[in-house]
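Please read these points with the model open beside you. Take them in order and find each residue as it comes up.

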Amino acid sequence: MASHLIEVSFKGNRREFFLWESDKIPAKNAAVVVEADRGEDLGYVHSIGDAALHRSKGVPHGTGGELPQRKARRFASPEDVRRHDELRAQDEEARRKAMERVRANALSMKVSDAEWQWDRKKLTFYFTADKRVDFRTLVRELAAAFRTRIELKQIGVREEAKRLDGIGRCGRQYCSASWLPELRPVSLGVAKDPRLSLNPTQISRSCGRLMCSLRYE
């Protein structure tokens, strides 16, 4: 039985590499059930074979060309996909409840997204904050409310834009959500070389940071 490297995409443009141990190679966008943190998750194949190997050497979530530790276990059934879609519909309600507890605890943070793991053994909340936040009480309250393991993950505003996606000033999907391999700081200097406007309102995007595309002008 052959082993293949595959890259799997999850909610919010989150991607990971897995080992696929089967002679039947999944097609791109095929739904698969994979090993996850203490359980299983469901995602969609983003790249396969040589393309996955090439990407694994150049993206931040890559394996450097090495075989990953986690495995993709099987193709997802229609019932698996239905359950996955139901969970995605519950993410926003979970985020709203988390924000209620954030306000109740007077915490200076914004919960921007929530993501149930497919087997419901974990619920991850993504948040932004200007400074360090003590959210230990919040985690306990959320664990009691949702009766599952809670993970709070702090992200930057560029990562938030990547997760939530959107349309930029150019009328196209955000670079960070569509094709950009990694998120790096963008300085005002990159706008000076092509003599672009230095007006921040014209060269910034919704996250409040300079547009990622300025690095490629």
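1. **A loop to start with.** Begin at R120, which sits in the loop between β6 and β7. This is a predicted model, so treat each value here as computed from that prediction. R120 has a positive phi, near 65 degrees, although R120 is not a glycine. Is R120 buried or exposed? Neither label fits: R120 is partly exposed, at 39% relative accessibility. The loop belongs to a hairpin of β6 and β7, with 5 residues between the strands.

2. **The strands on either side of that loop.** β6 and β7 run antiparallel and are joined by 6 bridges. One place to check is V111, which stands opposite F127 in β7. F127 also faces another strand: Q154 in β8 stands opposite F127. β7 and β8 pair over 6 bridges too, but in the parallel sense. Between these two strands the chain passes through α3, and this β-α-β crossover is right-handed.

3. **How covered is β7?** 7 of the 7 residues of β7 are buried, so this strand is largely enclosed by the rest of the structure. Look at both faces. K122, T124, Y126 and T128 point one way. L123, F125 and F127 point the other way. Both sets are buried.

4. **The two sides of α3.** Which residues of α3 are buried? They are L138, L142 and F146. These residues lie on the same side of α3 because they cover an arc of only 50 degrees around the axis. A general rule helps here: an α-helix has 3.6 residues a turn, so residues three or four places apart point the same way. On the other side of α3, the exposed residues are R136, R140 and A144. What does the buried side pack against? Its partners are α2, β6, β7 and β8. Just after α3 comes R147, with a positive phi near 55 degrees.

5. **The largest nonpolar core.** This core has 19 residues. Five of them touch the most other members: M109, F125, L142, F146 and L152. Which elements give two or more residues to this core? They are α2 (78–104), β6 (110–116), β7 (122–128), α3 (136–146) and β8 (149–154). The largest share, 5 residues, comes from α2.

6. **One residue in that core, followed outward.** Select L152. Set aside its neighbours within four places in sequence. L152 is then in contact with M109, F125, F127, F135, L138, V139 and L142. Two of these names came up with α3: L138 and L142 are among its buried residues.

7. **A second core.** Now move to another part of the model. A second core, separate from the one above, has 10 residues. Its members include I6, V8, F18 and A72.

8. **Strand β1 and its partners.** β1 covers residues 3–9, and 6 of its 7 residues are buried. β1 runs antiparallel to β2 (residues 15–21), with 7 bridges joining the two. S3 has E21 as its bridge partner in β2. β1 also pairs with β4 (residues 39–48), again in the antiparallel sense, over 4 bridges. There, I6 stands opposite I48 in β4. In the hairpin of β1 and β2, 5 residues lie between the strands. G12 takes a positive phi in that hairpin, near 70 degrees.

9. **One more positive phi.** A106 lies in the loop between α2 and β6. Its phi is near 55 degrees, which is a positive value in a residue other than glycine. Is A106 buried or exposed? A106 is exposed: its relative accessible area is 65%.

10. **The whole protein.** Step back for the totals. The protein has 7 helices and 8 strands. It has 217 residues, and 41% of them are buried. The accessible surface is about 12,400 Å². Carbon and sulfur atoms hold 48% of that surface. How much of the contact pattern comes from residues 24 or more positions apart? Among contacts with a separation of 6 or more, such pairs account for 60%.

Note on methods: Residues numbered from 1 in each chain as written. Predicted model: local features only at pLDDT ≥ 70, side-chain atom pairs only at ≥ 80, totals over all residues. Heavy atoms only, no water. Buried < 20%, exposed > 50% of the residue type's maximum accessible area, 1.4 Å probe, protein only. Contact = heavy atoms within 4.5 Å. Areas by Shrake-Rupley, 256 points an atom, 1.4 Å probe, with all protein chains shown as cover. Core = buried A, V, L, I, M, F, W, Y, C linked by side-chain atoms within 4.5 Å. Arc of directions from axis to C-beta. Pairing = 2+ DSSP bridges. Right-handed = clockwise from strand over helix to strand, strands pointing away.
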